[in-house]
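Here's a protein to walk through, one piece at a time. Pull up the model and follow along.

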Amino acid sequence: MLNKEEIKLFLEESVIDFWYNSRAEDLYILNDVDKKKIAEITKGEDTYQKIANEILKMPKKCDGEKLLEKIDKHCNKLVNIGGYENEKFYKVGFIDGINLIIECIGEKQNVK
């Protein structure tokens, strides 16, 4: 079993980054429960295709393809921001878990 000091080493940012990156692929794989939940929370929100169809109907004065490209870039930006925020949240939760373990180990050592 690891002692308190060895567990504290896991709090180093590089170790947490390595651990997160090695698990990231598994974290982003959607299982059936995830797919069902996403379908439920996005039901009726297929707005992107509706917007794309309307843009492509616009007169040629307005370049619909160029506009769709800008919308795609904006959507990608939002996805990247969400990914960053999720990674940050996940790492903070991991650090909280390690800190909880450290506190529990500290209490057990004080009891002895």
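I102 is buried, because its relative accessible area is just 7% and buried means under 20%, with over 50% called exposed and anything in between partly exposed (1.4 Å probe, protein chains only). You'll find I102 in helix α5, which covers residues 64–111; helices here are DSSP runs of H or I with at least four residues, strands are runs of E with at least two, and both are numbered from the N terminus. Now look for E5: it sits 97 residues away from I102 along the chain, but the two C-alpha atoms are 8.5 Å apart.

A quick word on what you're looking at. This is a predicted model, in which local features need pLDDT of at least 70 and side-chain atom pairs count only at pLDDT 80 or more, while totals for chains, interfaces and linings use all residues. Residues are numbered from 1 along each chain as its sequence is written, and side-chain values use heavy atoms, leaving out hydrogens and water.

Stay on helix α5 and find K91, which is also part of it. K91 counts as buried because its relative accessible area is 14%. Setting aside neighbours within four places in sequence, K91 is in contact with I16, D17 and Y20, where contact means heavy atoms within 4.5 Å.

For the opposite case, go to I41 in helix α3 (residues 32–41). I41 has 52% relative accessibility, so it counts as exposed. I41 also joins L30 and I38 in a nonpolar surface patch, and together they have about 260 Å² of accessible area. Such areas come from the Shrake-Rupley method with a 1.4 Å probe, and for residues only the protein chains shown count as cover. Patch members have over 30% relative accessible area and no salt bridge; nonpolar side chains (Val, Leu, Ile, Met, Phe, Trp, Tyr) are joined within 5 Å, and like charges within 9 Å. A salt bridge is a side-chain nitrogen of Lys or Arg within 4 Å of a carboxyl oxygen of Asp or Glu.

Now zoom out. The protein has five helices and zero strands. Of its 112 residues, 12% are buried, and the accessible surface comes to about 9,600 Å², with 59% of that belonging to carbon and sulfur atoms. Among contacts with a separation of 6 or more, 61% are between residues 24 or more positions apart.

How far does the predictor trust all this? The mean pLDDT (the predictor's confidence in each residue, from 0 to 100) is 78, and 82% of residues reach 70 or more. Confidence is lowest in helix α1 (residues 4–8), with a mean of 68, and highest in α3, at 86.
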